[in-house]
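Here are my notes on the model you sent, set out as numbered points for you to check against the coordinates.

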Amino acid sequence: MQDRYTGDIGDFDKLGLLRQLASTGLSIGVNWYRTPDETHNSDGLHIGYLQKGEFRSCDPALWSALDQIVNSGKREIAALEQSGVLDATYFGRLLDSSSGDKIARQAVRMDWHRQALQALHGCDIVFVDPDNGLMVPSADGTAKSNKFVLPYELAEYYHAGASIIYYQHKARRPDEFYIDQHRQLASSGAFPGSTSLGLKFTKTSLRYYFCAIRPEHAKAITICVQQMMQSPWQYCFEQIL
């Protein structure tokens, strides 16, 4: 997540999902996987949803809050946290992998991750929001590694007692590629007893939200998602797993 993305369509769908889950009474933790703003592309300009009633009907309060943030010109992650739109515990320390060699980057990341685990300890659900999703071999240890989440990071949240949800960007691959990727992760042994669930956001930009749900949270989360898919949110989401 980068500050320049604040208020775009990605925030609308992720916060919409988390607001639904928060209604179950389960506590929410958010690790933004905050990275320095980039300037080489026009990402973050996907705010056309604020002109469309179909999106507003999904969650009018959320839509209005994001509309206010975008129009204020204060497009920063801090503005989301301060808006009160989601009752959550947040971790927003910057993860910068732009300097040092691979060993130095790994040391910085491990310290950052330890702080995140401590900050979000006790949350029932931890949502992680990397720019791209699960780590790919070509990026591991590089300057772009901060745009991905490492499987062991997810596993440590799970073993600390949290169900986990991670954002996965869709590149030029079919749904089955990402579904299989998650299935391999879930069957690795790192998430014992977990239930998998996957949602695809189908509007404007294609993106996924995959879950490894702890047994004690499975009923509440599963029912919540079922109800969500019978609400106006069905305009935006498709359950794929």
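1. Contact here means heavy atoms within 4.5 Å. By that criterion, and leaving aside its neighbours within four places in sequence, Phe237 is in contact with Asp13, Leu17, Leu199, Lys200, Phe201, Tyr209, Met228 and Met229. Please bear in mind throughout that this is a predicted model.

2. Phe237 also belongs to the largest nonpolar core, which has 47 residues, and it is listed together with Phe12 and Leu21 as having the most contacts inside that core. Apart from this core lies another, of 26 residues, which includes Leu95, Cys123, Val126 and Ile240. As general background, nonpolar side chains in soluble globular proteins tend to be buried together.

3. Turning to the helices, α5 (residues 102–120) packs with α6 at an angle of about 25°, the two axes lying 11 Å apart. Because angles under 35 degrees count as roughly parallel, α5 and α6 are therefore described as roughly parallel to each other, and their crossing is right-handed.

4. The residues that meet across this pair are Arg109, Met110, His113, Ala116, Leu117 and Leu120 on the α5 side, and Tyr152, Glu153, Glu156 and Tyr157 on the α6 side. In character, the residues of this contact divide into six nonpolar, one polar and three charged.

5. Is Glu153, a residue of helix α6 (residues 151–159), buried or exposed? Glu153 has a relative accessible area of 0%, and since buried means under 20%, it counts as buried. Its contacts, leaving aside neighbours within four places in sequence, are with Tyr33, Arg109 and His113; Arg109 and His113 are also among the α5 residues that meet α6.

Technical notes
Residues are numbered from 1 along each chain as its sequence is written. This is a predicted model: local features need pLDDT of at least 70, side-chain atom pairs count only at pLDDT 80 or more; totals for chains, interfaces and linings use all residues. Side-chain values use heavy atoms; hydrogens and water are left out. Buried means under 20% relative accessible area, exposed over 50%, partly exposed in between (1.4 Å probe, protein chains only). Axes are lines fitted to C-alpha atoms, for helices over the stretch in contact, and angles run from 0 to 180 degrees between N-to-C directions. Helices (H or I, at least four residues) and strands (E, at least two) are DSSP runs, numbered from the N terminus. Angles under 35 degrees count as roughly parallel, over 145 as roughly antiparallel, 65 to 115 as roughly perpendicular and the rest as oblique. A crossing is left-handed if the near helix is turned anticlockwise from the far one by less than a right angle, and right-handed if clockwise. Ala, Val, Leu, Ile, Met, Phe, Trp, Tyr, Cys and Pro count as nonpolar, Asp, Glu, Lys and Arg as charged, and the others, Gly among them, as polar. A nonpolar core is a set of buried Ala, Val, Leu, Ile, Met, Phe, Trp, Tyr and Cys residues joined through side-chain atoms within 4.5 Å.
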